[in-house]
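Some notes on this model follow, in numbered points. Please read them next to the sequence and the coordinates.

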Amino acid sequence: MITAPVDLLEIMEGRRSCRAFKEDPIPEEHIQRILEAGRCAPSGSNMQPWDILVVRDPEKRAWLIEILESMIRIDWANETATGGTFAFGGLGYTRNVPVFFVIITYPRFSKISGQNSTSIPIIQRQNVGHLVQNMWLMIHSLGLASVITMIRHVENEIKECFGIPGELEVTQVLPVGYPRQFRAKSRRPLQSFVHYDRYHTSKLRSEELIQEIISNPKKLALEIYGT
Ligand SMILES: Cc1cc2nc3c(=O)[nH]c(=O)nc-3n(C[C@H](O)[C@H](O)[C@H](O)COP(=O)(O)O)c2cc1C
């Protein structure tokens, strides 16, 4: 039951990824509401193939930040070794963050009988997307902010540190805190990607345009960080 009018679109328009946080602690009831929002998320066959690890302990947070930083250093080394340029900056902004939500998934649940095997990885990713989106919207509605850090290279270290069983996957980490940064939304206008009754090829984004976007680190960084 909705007890007060909520303009959901306003919440969606206002939510942005945040990479500058205050140190202020988050009230426990806010943490519980964020978790409840995740609990409500839909998933394929209602398998709810996730766990959420809440990291508040200062020493564990410091360890997590260090391992995430090392993850970015590996990215940088890999990129420069292959002549590429990496658009993502460091994760120094997480030092102030009072709470991290580590998203954990069960790969075993991706084997739903009767499902077309080619759609399974898509379902798995979509499940987590719904979970995170629910949490993000609640985070924003509480005056808090977050961002995603996708986990790569250091999954095993994270599992070992937090006692996460090897059969599970650690897919992403959400730092959550009070924002020190507010940015205007940057999105394509509706008329550029919505098609009524038939696909209008005049709106198809050309290969040149896609290349320009994905292979231009400065433009990517501008899109991601706004600077
Ligand atoms: C699936 C997914 C993965 C993302 N991965 C990262 C990431 O690893 N690091 C990061 O700083 N931002 C990450 N982001 C945040 C995006 O850069 C951000 O959502 C996008 O630029 C749109 O900006 P907004 O969230 O402020 O509206 C990710 C977002 C999504 C949905």
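1. Serine 45 counts as partly exposed, because 13 other C-beta atoms lie within 10 Å of its own. The cut-offs are 20 or more other C-beta atoms within 10 Å for buried, 12 or fewer for exposed, and partly exposed in between, with C-beta atoms placed from the backbone. Serine 45 sits in the loop between helix H2 (28-39) and E1. Its phi is positive, near 55°, although the residue is not glycine.

2. The model is predicted: local features need pLDDT of at least 70 and side-chain atom pairs count only at pLDDT 80 or more, while totals for chains, interfaces and linings use all residues. Residue numbers start from 1 along each chain as its sequence is written.

3. Asparagine 46 belongs to the loop between H2 and E1. Asparagine 46 also has a positive phi without being glycine, near 55°. Is asparagine 46 buried or exposed? It counts as exposed, because it has 7 C-beta neighbours inside 10 Å. As background, most residues other than glycine have a negative phi.

4. Overall, the protein has seven helices and five strands. These are DSSP runs numbered from the N terminus, where a helix (H or I) needs at least four residues and a strand (E) at least two. Their order along the sequence is α-α-β-α-β-α-β-β-α-β-α-α.

5. The radius of gyration of the protein is 19 Å, which agrees with the value near 17 Å for a compact globule of 227 residues. That radius is taken over C-alpha atoms, and the globule rule is 2.2 Å times the number of residues to the power 0.38. Along the principal axes, the C-alpha atoms fill a box of roughly 55 × 50 × 40 Å. Of the 227 residues, 19% are buried. Among contacts with a separation of 6 or more, 80% join residues 24 or more positions apart; a contact requires C-beta atoms, placed from the backbone, within 7 Å.

6. The domain assignment splits the protein into domain 1 (8-185) and domain 2 (186-227). Those bounds come from an automatic or database assignment. A distance of 25 Å separates the C-alpha centres of domain 1 and domain 2.

7. Helix H3 (residues 58-81) has 24 residues and should span 34 Å at 1.5 Å a residue; its end C-alpha atoms are 35 Å apart, which agrees. The expected span is 1.5 Å times one less than the number of residues in the helix. Which residues of H3 are buried? They are Leu64, Leu68 and Met71. Their cover includes strand E1 (50-55), strand E2 (99-105), E4 and strand E5 (169-177). After H3 comes glycine 83, with a positive phi near 80°.

8. Valine 154 is in the loop between E4 and helix H5 (155-162). With 19 other C-beta atoms within 10 Å, valine 154 is partly exposed. Leaving aside residues up to four places away in sequence, valine 154 touches Ile67, Ser70 and Met71. Met71 is one of the buried residues of H3. The C-alpha atoms of valine 154 and isoleucine 74 are separated by 9.5 Å, although the two residues are 80 residues apart along the chain.

9. Nine residues surround the ligand, and Arg16, Ser17, Ile148, Met150 and Ile224 come nearest. A residue counts as near if its C-beta atom, placed from the backbone, lies within 6 Å of the molecule. Strand E4 (149-150) and helix H7 (217-225) each supply at least two residues of this shell. What classes make up the shell? It has five nonpolar, two polar and two charged residues. Here Ala, Val, Leu, Ile, Met, Phe, Trp, Tyr, Cys and Pro count as nonpolar, Asp, Glu, Lys and Arg as charged, and the others, Gly among them, as polar.

10. Methionine 12 is part of helix H1 (residues 8-14). Methionine 12 has 14 C-beta neighbours inside 10 Å and therefore counts as partly exposed. Its C-alpha atom is 9.2 Å from that of tryptophan 136, 124 residues apart along the chain.

11. Glutamine 126 lies in helix H4 (residues 120-141). It is partly exposed, with 14 other C-beta atoms within 10 Å. Glutamine 126 and glycine 90 are 36 residues apart along the chain, and their C-alpha atoms are separated by 27 Å.

Technical notes. Two residues are in contact if their C-beta atoms, placed from the backbone, lie within 7 Å.
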